[in-house]
Amino acid sequence: MNLQNFRIEKEPAPSTDWLVFGDIEDDNGNLVGTFGPDGTSVNIWWVTQDEQFQSQIVEQFSLVMAQQIVSGAAE
């Protein structure tokens, strides 16, 4: 899988959302999906995912959080 024309943009405050833009291609360069012309809201997409998927991502993200907490405490 490859991302083309990929970018992310932070929504203006007071929103805490991010938008993801770009095209999704398979390994042969064929377009297989897109984040849409207006992008895809991370927050809206997240809440539409099933609980098992969310749990797996939160578990992975918690390791990143722990690293940030530890590195922040060392400063």
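Q: What makes 12% of the 75 residues of the protein chain count as buried?
A: Buried means under 20% relative accessible area, exposed over 50%, partly exposed in between (1.4 Å probe, protein chains only). By that cut-off, 12% of the 75 residues are buried. This is a predicted model: local features need pLDDT of at least 70, side-chain atom pairs count only at pLDDT 80 or more, and totals for chains, interfaces and linings use all residues. Residues are numbered from 1 along each chain as its sequence is written, and side-chain values use heavy atoms, with hydrogens and water left out.

Q: Why is the contact between Glu9 and Arg7 called a salt bridge?
A: A salt bridge needs a side-chain nitrogen of Lys or Arg within 4 Å of a carboxyl oxygen of Asp or Glu. The side chains of Arg7 and Glu9 meet at 2.7 Å, N to O. The pair therefore satisfies the rule. The count by this rule is one.

Q: Why is Glu9 called partly exposed?
A: Its relative accessibility is 33%, so Glu9 falls between the buried and exposed cut-offs.

Q: What makes Arg7 partly exposed?
A: Arg7 has a relative accessible area of 41%, so the in-between class applies.

Q: How do you know that the protein chain differs from a compact globule in radius of gyration?
A: The radius is taken over C-alpha atoms, and the globule rule is 2.2 Å times the number of residues to the power 0.38. For 75 residues the rule gives near 11 Å, but the protein chain has 16 Å. The C-alpha atoms fill a box of roughly 45 × 30 × 25 Å along the principal axes.
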